[in-house]
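Colleague: I'd like a close look at just one part of this model. Pick a single strand and tell me how it sits among its neighbours.

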Amino acid sequence: MPIPRRSVPRRARAALALAAALLAAACTGGTEQVAGQRPSATATAGGSLAGVCPATVVVQSNWWPQAEDGAMFSLLGGELTVDRQRKRVSGQLVSGGVDTGVRLEIRSGGPANGFVPAVSAMFTDQSITLGTADTDQIAQVAGQRRVKAVVGQLDRSPVVLMFDPTKHPDFKSIRDIGRADTRVLYFQGATYMAYLTGSGQLRPSQVDAGYTGTPDRWVASRGEIVQQGFLTNEPYAYEKELPAWDRKVAWLLVADSGYPVYPETLTVRADREAELAPCLRRLVPMIQRSMVDYVTNPAATNALIVRLAADFDAYPYSAARAAYAVSVMKMNKIVGNGSNGTLGDFDQARVARLLEIVRPVFARSRQPLPAGLTAVDVVTNAYVDPAVGLS
């Protein structure tokens, strides 16, 4: 992979290793048709995407189907085509029960496409309309390829530092971990870790970039170490599905430490923004409304995500884990309105703060940010409907 990633490689290795520890999935191939949600109406001129958007809106993800991308899967309707071999699904793009007149294709990433980040794939495959990316990654690649986030699927990062609450009952903040000098296991290249050590919340001497994604060291330490994970995945998997542990896991969100990244944003190539602008003005509010619909009533979409994870031979992803993911995303405002009443928009000051944090980090790794790069180069609210929000 040409660039280090914070979310894809470590998530890829973690989930693959955990999958091996939990359950071996059977591999299948070929293409099949699956019944999706049936549209109840056809869009009128004002709500149609036909002739405004590409005939097929293609979304390249950085990971397997999962709850974090539930809003996009909620837009799939009609008879779905599941391509097991290429790890992608397509169908009518249905918004609020209305057929918009175009198709939607969602392509899996990570192991599914050789770990090629969406921000790279978009520049080699013109058919990709939107690609997922964290805002720190958008900044990281800005010197080579410019992409811009047009809507945020998540308001806060689900990355956590996990620990055994019986061994570390006094851990109430990440600074508490730093004061205790407990070993912290994480994947090398994680930008947030450079922030945590640089801000003095953790000690450089205590962090260990030797995490390989398996639960072995966690289990072997008997709760002595701290380990990174995703709130939407590892805590549930370790507590409920890992017999070698099978007990309570406590966690602290990195988002609460002051690292203001927007994860899983939907981006477009900057050099195609003008071309896609008419489409984005109609499509982005549909994505926002789908986000609301999904977290309000996730069962049907979760059933599709669970099926796709199995069809793609991804990793064990149960209906219970998907439901847990939605619950903790809502409870911890991973999905939320942020500082205002709008879902999916970006706080420019927050993005500017992120750029201040990562600029010296990427400079040290010889990936300097372009001079003059600002928040408006990274994100835009031009297509967001400010009236759409979670109540």
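Modeller: Here's a walk through one strand, from its surroundings to its pairing.

Before we start, this is a predicted model, so local features need pLDDT of at least 70, side-chain atom pairs count only at pLDDT 80 or more, and totals for chains, interfaces and linings use all residues. Residues are numbered from 1 along each chain as its sequence is written, and side-chain values use heavy atoms, with hydrogens and water left out.

My pick is strand S14, residues 265-269. Strands here are DSSP runs of E with at least two residues, numbered from the N terminus. All 5 of the 5 residues in S14 are buried, so the strand is largely enclosed by the rest of the structure. Buried means under 20% relative accessible area, using a 1.4 Å probe and protein chains only.

Now take the two faces. In a regular strand, side chains alternate between the two faces of the sheet. For S14, one side carries Thr265, Thr267 and Arg269, and the other has Leu266 and Val268; both faces are covered, with every one of these residues buried.

As for neighbours, two strands count as paired if DSSP finds at least two bridges between them. Strand S7 (residues 130-133) runs antiparallel to S14 and is joined to it by 3 bridges. There, Thr132 has Leu266 as its bridge partner. Strand S8 (residues 147-152) is also antiparallel to S14, with 5 bridges joining the two. In that pairing, Ala149 is matched with Thr267 of S14.

How values were computed:
Buried means under 20% relative accessible area, exposed over 50%, partly exposed in between (1.4 Å probe, protein chains only). Helices (H or I, at least four residues) and strands (E, at least two) are DSSP runs, numbered from the N terminus.
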